[in-house]
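Work through the exercises below with the structure in view, and try each task before reading its solution.

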Amino acid sequence: MSDEHWTVTDILTEDGTVAGMMVTAPDYIDAVYIKPEYRGRGYATKAVKKFYAENKQYKPRLHIIKNNTAAMNFWKSRFILREIGENETEISYEIIGEKE
């Protein structure tokens with residue numbers, strides 16, 4: 001992980017109400033959170049694609065908890081991931097591209 005400070009990269013809103021947020025460093029996605037009532041509307045996809053376009057030179061990485069099937073499905077259906085590590089609870093990936 002980078003020595004960069006974490007920042008809330010994006011506050012995702014709908015009609016002035018916070019729908020979710022994304023926390024990152026240039027080379028790492030720490031969290032993407034969308035409130036349940038706003039899921040399925042494309043907020044996370046749009047935010048991550050924007051982040052990736054602006055930071056792909058840093059080869060952004062992320063960790064996915066193994067039993068979080070919703071997160072696994074989200075990431076693997078939208079991005080090309082290269083596995084770079086694994087422990088008992090999570091798998092580490094590098095984003096190497098976007099899927100069409």
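The exercises that follow concern a predicted model, and they move from its helices to its strands and loops.

**Exercise 1. Determine how H1 and H2 are oriented relative to each other, and which residues make up their contact.**

Solution. Begin with the extents of the two helices, since H1 covers residues 43-55 and H2 covers residues 69-78. Two packed helices are described by the angle between their axes and the distance between the axes. Here the angle is about 50°, and the axes lie 12 Å apart. An angle of about 50° is neither under 35 degrees nor over 145, and it falls outside the range of 65 to 115, so H1 and H2 are classed as oblique to each other. The crossing in which H1 passes H2 is right-handed. On the H1 side the contact is formed by Ala-44, Thr-45 and Val-48, which meet Phe-74, Trp-75 and Arg-78 of H2. Sorted by character, the residues of this contact comprise four nonpolar, one polar and one charged.

**Exercise 2. Decide whether Thr-45 is buried or exposed, and do the same for Asn-55.**

Solution. Take Thr-45 to begin with, a residue of helix H1. Its relative accessible area is 18%, and because buried means under 20%, Thr-45 counts as buried. When residues up to four places away in sequence are left aside, Thr-45 touches Phe-74 and Arg-78, both of which belong to the H2 side of the helix contact.

Turn next to Asn-55, which also lies in helix H1. With a relative accessible area of 12%, Asn-55 is buried as well. Leaving aside residues up to four places away in sequence, Asn-55 touches Pro-26 and Pro-60. As for its position relative to Ala-71, the two residues are 16 places apart along the chain, and their C-alpha atoms are separated by 21 Å.

**Exercise 3. Work out how E6 pairs with E4 and with E5.**

Solution. Start from E6, the strand of residues 90-98, which pairs with E4, residues 61-65, in the antiparallel sense over five bridges. Within that pairing, Ile-64 stands opposite Ile-91 of E6. Then consider E5, residues 79-86, which runs antiparallel to E6 and is joined to it by seven bridges. In this second pairing, Leu-81 is found opposite Ile-95 of E6. The connection from E5 to E6 is a hairpin through three residues.

**Exercise 4. Describe how E2 and E3 are paired and connected.**

Solution. E3 comprises residues 28-34, and six bridges join this strand to E2, with the two running antiparallel. One of the facing pairs is Thr-24 with its bridge partner Ile-29 in E3. Following the chain, the step from E2 to E3 is a hairpin made through two residues.

**Exercise 5. Find what is unusual about the backbone of Asp-15 and of Lys-59, and locate both residues.**

Solution. The background needed is that most residues other than glycine have a negative phi. Asp-15, although not a glycine, has a positive phi of about 50°. Asp-15 sits in the loop between strand E1 (7-14) and strand E2 (17-25), and with a relative accessibility of 78%, it counts as exposed. Lys-59, likewise not a glycine, has a positive phi of about 55°. The loop that holds Lys-59 is the one between H1 and E4.

How values were computed:
Residues are numbered from 1 along each chain as its sequence is written. This is a predicted model: local features need pLDDT of at least 70, side-chain atom pairs count only at pLDDT 80 or more; totals for chains, interfaces and linings use all residues. Side-chain values use heavy atoms; hydrogens and water are left out. Helices (H or I, at least four residues) and strands (E, at least two) are DSSP runs, numbered from the N terminus. Buried means under 20% relative accessible area, exposed over 50%, partly exposed in between (1.4 Å probe, protein chains only). Contact means heavy atoms within 4.5 Å. Two strands pair if DSSP finds at least two bridges between them. Axes are lines fitted to C-alpha atoms, for helices over the stretch in contact, and angles run from 0 to 180 degrees between N-to-C directions. A crossing is left-handed if the near helix is turned anticlockwise from the far one by less than a right angle, and right-handed if clockwise. Ala, Val, Leu, Ile, Met, Phe, Trp, Tyr, Cys and Pro count as nonpolar, Asp, Glu, Lys and Arg as charged, and the others, Gly among them, as polar.
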